[in-house]
Amino acid sequence: MRPTKVWLIASKDFRIFRKKTSILYSIIVFEVVVSIGLPFILRRVVETTGARAPIPVFIDSFSFWFVIGSAMIPISIASYSIVGEKVQKSLEPLLATPITDEELLAGKATAAFIPAIISTYIGAFVFMTLVDQFTSARLGYRYLPNWNIGVILLLLAPLACILSVGTNVLVSSRVNDVRTAQQMGAFILMPFAAVYVLSEVQILSLTISTLLLMSLVLFIVDLGVFYLVKATFQREEILTKWS
Amino acid sequence: MIDVFNLTKKFGDTAAVDGLSFHIDEGEVFGFLGPNGAGKTTTTRMLCCLISKTGGEARIAGYEIGNKPDSLKIRGIIGLVPDNVGLYDELSAYDNLDYYGQLYDCPDRQRAENIEHYLRMMDLWERRNDPVGGFSKGMKQKTALARALIHDPKLLFLDEPTASLDPESSKMVTDLILELKRRGKTIFLNTHNLDEAQRICDRIGLLKTRLLTVSTPEQLRRAVWGTRTVFELKEINESVLSAVQRLKGKDFTVEGNKIVVDVADPAEENPGLVRAIVSAGGEIQFTTQLNPDLQETYLRLMEETK
């Protein structure tokens with residue numbers, strides 16, 4: 001596999017995404033709500049409750065939004081990246097060039113992965129800065145960064161992103177319009193949303209060991225999805241069954 | 001340039017292409033004619049290494065289709081214009097071509113030169129920075145042709161390049177193909193447009209899952225129809241018919257005041273026929289050589305295979 005070809009395919013998609021305002025807005029709106037909106041909710045909590053104890057629980061729960069985000073953002077990107085090629089009928093001339101199936105798959109995956117991870121990390125930086133700003137006086141120390149958000153950003157978020165990209169490649173192979181692909185791809189968010197709700201109602205505690213266990217499970221699921229995607233993403237399959 | 005032997009493609013139990021064998025020389029324009037579902041696009045996709053073959057062999061410039069390392073080399077020396085142009089509407093004409101030039105490993109300087117050369121050739125240079133989404137169908141087709149040529153391929157596959165174009169755009173694209181032919185490109189053309197095939201192609205293959213025949217348009221017409229001369233007389237009488245019968249036996253028909261005669265060599269036989277008719281008292285008003293066009297030939301051959 002030639003990295004230059006992978007990057008070429010991904011960078012072409014980046015150029016197209018820049019012109020798709022719906023993709024840009026969906027990323028920006030999500031990151032603004034999570035990175036700025038949640039810390040302000042936290043500030044309100046700090047102002048209205050006198051106790052220090054619930055603040056770390058809220059911060060840990062809110063941090064999990066960056067896992068949800070890294071799974072959510074690739075849904076719109078991967079759908080445009082693959083279904084967009086199907087809609088524009090550009091897969092046939094693209095597949096007639098001297099690139100391999102693996103390079104094309106890796107290029108498409110990179111195109112969805114990089115914006116999702118970069119926006120997640122930028123959002124997380126803003127989130128951590130604001131959270132510390134609003135809570136350090138009450139807590140007496142800066143709560144973030146900590147090991148929890150370290151595992152979330154360095155393990156869980158990339159793994160969730162890979163799962164989302166893979167799932168959306170599979171979904172995109174079966175549908176012919178972007179909206180359907182996005183709606184079907186959104187089912188991947190359900191387990192992450194369930195974890196968040198369970199943590200909010202304090203049935204599940206997002207400790208380091210819980211987050212590491214979730215990362216391991218996600219890694220195994222990612223491997224399974226990777227093999228499925230690799231089996232699906234075959235030149236002949238794409239041309240005769242996808243389009 | 002292309003050698004195909006017994007090439008077969010099946011989807012499940014259904015043969016899309018069955019036992020094709022043909023050869024295409026370098027610099028030749030080869031037309032592939034056939035109805036919808038005849039296997040034209042399937043054959044093109046096999047030759048472009050986009051789908052696998054079920055049986056048989058095919059070589060392009062010595063490289064074998066179906067062999068993975070050779071497939072990459074084949075895709076590097078061919079250009080394809082599929083039936084749907086498949087351009088990126090959001091990108092400009094220049095960016096579309098630049099992207100493909102890079103996919104084909106075209107060096108930076110040569111790529112820039114080729115983009116300018118082909119966009120100027122297609123009369124699109126002034127519109128190079130416009131998104132192709134705003135182009136007309138004809139302009140998109142020309143951009144797709146430029147894209148297929150960006151790496152100077154030895155062999156060009158064109159799948160219905162003038163389908164759904166208006167007559168003006170269609171002529172523009174056909175003229176471009178003729179220009180490429182003059183420049184010595186080998187062209188494999190799938191088409192429904194029989195006038196186009198007649199005008200452009202050196203040889204034609206008629207396909208209906210199996211290859212029915214391969215020959216030049218002229219040979220094809222002769223093989224199917226032979227050559228016929230029409231004598232239009234002021235009046236036809238028995239003595240004129242007897243005179244023609246003495247020369248041609250049963251190889252003629254009478255349609256009103258016309259006698260239609262099958263002739264193997266018009267230059268050799270027509271003077272004798274004229275003399276015979278005039279000697280028998282016939283007054284010839286007009287003489288016409290019948291040349292059925294490719295469309296009639298095609299329809300007759302397709303009818304025979306039903």
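This is a short tour of a predicted model with chains A and B, stop by stop, for following along in a viewer.

**Stop 1: where the chains meet**

Start by selecting the contact between the two chains, to which chain B brings 23 residues and chain A brings 19 residues. On the chain B side, colour α2 and α3 (93-103), since each of them supplies at least two of the residues that touch chain A. Which of the helices of chain B gives the most to that side? It's α3(B), with four residues. Now colour the chain B side by residue type: you should get 13 nonpolar, five polar and five charged.

**Stop 2: helix α2 of chain B**

Stay in chain B and pick out α2, residues 68-77. Its buried residues are Ser71(B), Ile74(B) and Arg75(B). Look down the axis: these residues cover an arc of only 95°, so they sit on the same side of α2(B). To see what they pack against, show β4 (55-60), β5 (63-64) and β6 (78-81) of chain B.

**Stop 3: the big nonpolar core**

Next, go for the largest nonpolar core, which has 136 residues. Good places to click are the members that touch the most others: Val67(A), Ile152(A), Leu156(A) and Ala160(A), along with Ile150(B) and Leu189(B). The largest share of this core comes from α7(A), with 14 residues.

Zoom in on Leu156(A). Setting aside neighbours within four places in sequence, Leu156(A) is in contact with Val67(A), Val151(A), Leu211(A), Met214(A), Ser215(A) and Leu218(A). There is also another core, apart from the big one, made of eight residues. To find this smaller core, select Phe231(B), Val240(B), Val244(B) and Ile277(B), which are among its members.

**Stop 4: two helices of chain A**

Select α3 of chain A, residues 54-63. Ile59(A), Asp60(A), Ser61(A), Phe62(A) and Ser63(A) are the buried residues here. What covers them includes α2, α4 (65-87), α6 (101-139), α7 (147-174) and α9 (189-200) of chain A.

From that cover, hop onto α2 of chain A, residues 21-48, and click Ile23(A). Is Ile23(A) buried or partly exposed? Partly exposed, because it has 19 C-beta neighbours inside 10 Å, and being buried takes 20 or more. Beyond its neighbours within four places in sequence, Ile23(A) is in contact with Phe17(A), Ser76(A), Ile77(A) and Tyr80(A). If you'd like to try the distance tool, go from Ile23(A) to Ser173(A): the pair is 150 residues apart in sequence and 20 Å apart in space, C-alpha to C-alpha.

**Stop 5: backbone oddities**

Most residues other than glycine have a negative phi, and most peptide bonds are trans. Here are some exceptions to click through.

- Pro145(A) lies in the loop between α6 and α7 of chain A. The peptide bond leading into it from Leu144(A) is cis, with omega near 0°.
- Gln202(A) is in the loop between α9 and α10 (208-232) of chain A. Though not a glycine, Gln202(A) has a positive phi of about 60°. Gln202(A) counts as exposed because it has 10 C-beta neighbours inside 10 Å.
- Asn6(B) belongs to strand β1 of chain B, residues 2-11. Here too phi is positive, at about 55°, and Asn6(B) is not a glycine. With 13 C-beta neighbours inside 10 Å, Asn6(B) counts as partly exposed.

Key
Residues numbered from 1 in each chain as written. Chains lettered and ligands numbered in written order. Predicted model: local features only at pLDDT ≥ 70, side-chain atom pairs only at ≥ 80, totals over all residues. Buried ≥ 20, exposed ≤ 12 C-beta atoms within 10 Å, placed from the backbone. Arc of directions from axis to C-beta. Contact = placed C-beta atoms within 7 Å. Nonpolar A, V, L, I, M, F, W, Y, C, P; charged D, E, K, R; others polar. Core = buried A, V, L, I, M, F, W, Y, C linked by C-beta atoms within 7 Å.
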